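Please look through the model shown here, with attention to its bound ligand, its aromatic rings and its backbone.

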Amino acid sequence: MNPQAGSEQLRRCLEQTAPFSAASSTTLQRLVERGSLRSLAAGEHAFREGEPSQWIFVVVRGSLAATARSEDGRESSLRTLSVGDVGGLTALDPGATRSASLRALDEAMLAIVDKSAVREALASDPGFATALVAYLGEHVRSKTRQIATVLARVGRDPREQIALFDAKPYERAAFDRCSSDVLRVRWIEAKLDAASAALADGYPVVCAFVNDTLDATVIERLAAGGTRLIALRCAGYNNVDLAAAERYGIDVTRVPAYSPHAVAEHAVALLLALNRKTHRAYARVREGNFSLHGLVGFDLHGRTAGVIGLGKIGRCAAEILRGFGMRVLAYDPYPDESFAARVGVEHCAVDALLERSDVVTLHAPLTPETWHVIDARRLALMKRGAVLINTSRGGLVDTRALIDALKSQHLGGAGLDVYEEESEYFFHDRSDKVITDDVLARLMTFNNVLITSHQAFLTEDALGNIAETTMANVREWLEGRRGAALTNRVVRVATPR
Ligand code: NAI
């Protein structure tokens, strides 16, 4: 090749390739002067593992394989480089040797730059130095992702079809009972999010729980890794971008009911403890304080309870509250008149329900319509001294407004199994850390607020049902059912029924 034309081609290649594209024209000129173009025939080596590293390169044409030998002498492929890829950056370390061999897969050409010229450019051209640091940073990040993927596959049983995120020890026994030789679960402790999604690479099914992130970015990453089914092991699905799932051809299933009784019973447990101050009495007696001061509650019998969301859980709660001899009001956009008549529940509008109830318990799903359904205005409508119970989703309540209502002593107490920003805290042991969420910290200071860590579902019966339904959902999908043919498919509409 004519040397003039070669230099021009080398310059153009560097100008278009990061990090060289950030170099000043003087730096670029120096790099070109100490660079060259090198053609390789198919199968020819550019360099071999262990040779001294003398230059950095950019692929100008063709593709090349980087390979390295393991201790037992076996050669494995590390990556394939194609046009625009930069390599050999370890040469910047003086005395470095090649950590891999580079072989042309077809006819190829490399733009080669002498390592001492690059080192000089680093010292003299801050723009280039910054771009190189950024480039290396991105390189390290992509390597970290590759390592995570490889680690996830190490020891993978080929029968494992399901990557189960946010795995907790108490779930395992129930899932193990439902596993079989053809259907096994990979237990991943990490919560699912953009950083951990690569752990699902190669798994057709991802099993997620309430605080896993399934936004468009995560779903795109899961799709790229081959995931085609998101099997939620919970009822709520407000954490899933269903439009994104549809776009990437991923079906989403859930466990619509695993034990509505478990959740309703926990809601009532919170109510009973709060009303009769059991949580405070327990602490007092342990300290040897047998005083009754401040422990006065009220009879539930004859009082009015308001149930918002009269679905599976709401109906169980209504039945229990009726059993206490309470008058029960309910709001649901789809009133079930026959249930109401049978159990003795009066349907009414939300505002009227709040005005008339001594106890309000929330059992509606979190949707755009129900977000902050209990806000400052609605809290003000509630009776002075009324108790609010939320075992549904934190987003139903405007927490700051709730704190104001508690501070002003308008509200008599709150029992919360869910919290708007719970994902950082709930389900984790944070006892050795400082709570940096000031809203949660303030809530925890009230002696008439009882918080549990999203545990309303946590009974043996519910865990068994969750595992059985989740695995049945996966089995259907593996048997070839798709879309509407899936029994527990999540459909993209505002309100689940
Ligand atoms: P469901 O679907 O059987 O019932 C929800 C009811 O809410 C339906 O009757 C629906 O018509 C009603 N609804 C919809 N929009 C409403 C609105 N704007 N206002 C009032 N009601 C409305 O669901 P299920 O099984 O009763 O669960 C309810 C919620 O409980 C779930 O969405 C989930 O968020 C939460 N949950 C919490 C658990 C926990 O461990 N804390 C466990 C399981 C569920």
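The paragraphs below take up the ligand, then the aromatic rings, and then some points along the backbone.

The model is a predicted one, and a reading of it can begin with the ligand, which is surrounded by 26 residues. The closest of these are Tyr 258, Lys 312, Ile 313, Asp 332 and Thr 391. Sorted by class, the shell comprises 13 nonpolar, eight polar and five charged residues. Among the polar contacts, the side chain of Lys 312 places an N or O atom 2.7 Å from an oxygen atom of the ligand, while Thr 391 uses a backbone N or O atom, which lies 2.8 Å from a nitrogen atom of the ligand. Phe 457 likewise contributes a backbone N or O atom, at 3.2 Å from an oxygen atom of the ligand. Of the 860 Å² that the ligand exposes when taken alone, the protein buries 94%.

We turn next to the aromatic rings. A pair of aromatic rings is described by the distance of the centres and the angle of the planes. With pairs counted where ring centres lie within 6.5 Å, the model has seven aromatic pairs. In one of them, the rings of Phe 47 and Trp 55 have centres 5.5 Å apart and planes at 65 degrees, and because an angle over 60 degrees counts as edge-to-face, the pair falls into that class. Phe 47 and Trp 55 are both buried, and ring pairs link these two residues with Phe 57 into a cluster. Phe 47 also has Arg 98 over its face, at 3.9 Å from the ring centre. Elsewhere, the charged end of Arg 482 sits over the ring of Trp 477, at 4.0 Å from the centre of that ring.

The backbone, finally, has several points that deserve inspection. Ala 18 and Pro 19 are joined by a cis peptide bond, with omega at about 5 degrees, and Pro 19 belongs to the loop between α1 (3-15) and α2 (25-33). Lys 277, a residue other than glycine, has a positive phi near 55 degrees, and is found in the loop between α8 (260-276) and α9 (278-286). Its relative accessibility is 18%, and since the cut-off for burial is under 20%, Lys 277 counts as buried. His 454, also a residue other than glycine, has a positive phi near 50 degrees and lies in the loop between β20 (449-451) and α16 (460-478). With a relative accessible area of 7%, His 454 is therefore buried by that cut-off as well.

Terms used
Residues are numbered from 1 along each chain as its sequence is written. This is a predicted model: local features need pLDDT of at least 70, side-chain atom pairs count only at pLDDT 80 or more; totals for chains, interfaces and linings use all residues. Side-chain values use heavy atoms; hydrogens and water are left out. Rings of Phe, Tyr and Trp (its six-membered ring) pair if their centres lie within 6.5 Å; planes under 30 degrees apart count as stacked, over 60 as edge-to-face and the rest as tilted. Buried means under 20% relative accessible area, exposed over 50%, partly exposed in between (1.4 Å probe, protein chains only). A charge sits over a ring if NZ of Lys or CZ of Arg is within 6 Å of the ring centre and within 35 degrees of the ring normal. A residue is near a molecule or strand if one of its heavy atoms lies within 4 Å of it. A polar contact is a pair of N or O atoms within 3.5 Å; within protein, one must be able to donate a hydrogen and the other to accept it, and residues adjacent in sequence count only if both atoms are side-chain atoms. Accessible areas come from the Shrake-Rupley method with a 1.4 Å probe; for residues, only the protein chains shown count as cover. Ala, Val, Leu, Ile, Met, Phe, Trp, Tyr, Cys and Pro count as nonpolar, Asp, Glu, Lys and Arg as charged, and the others, Gly among them, as polar. Helices (H or I, at least four residues) and strands (E, at least two) are DSSP runs, numbered from the N terminus.
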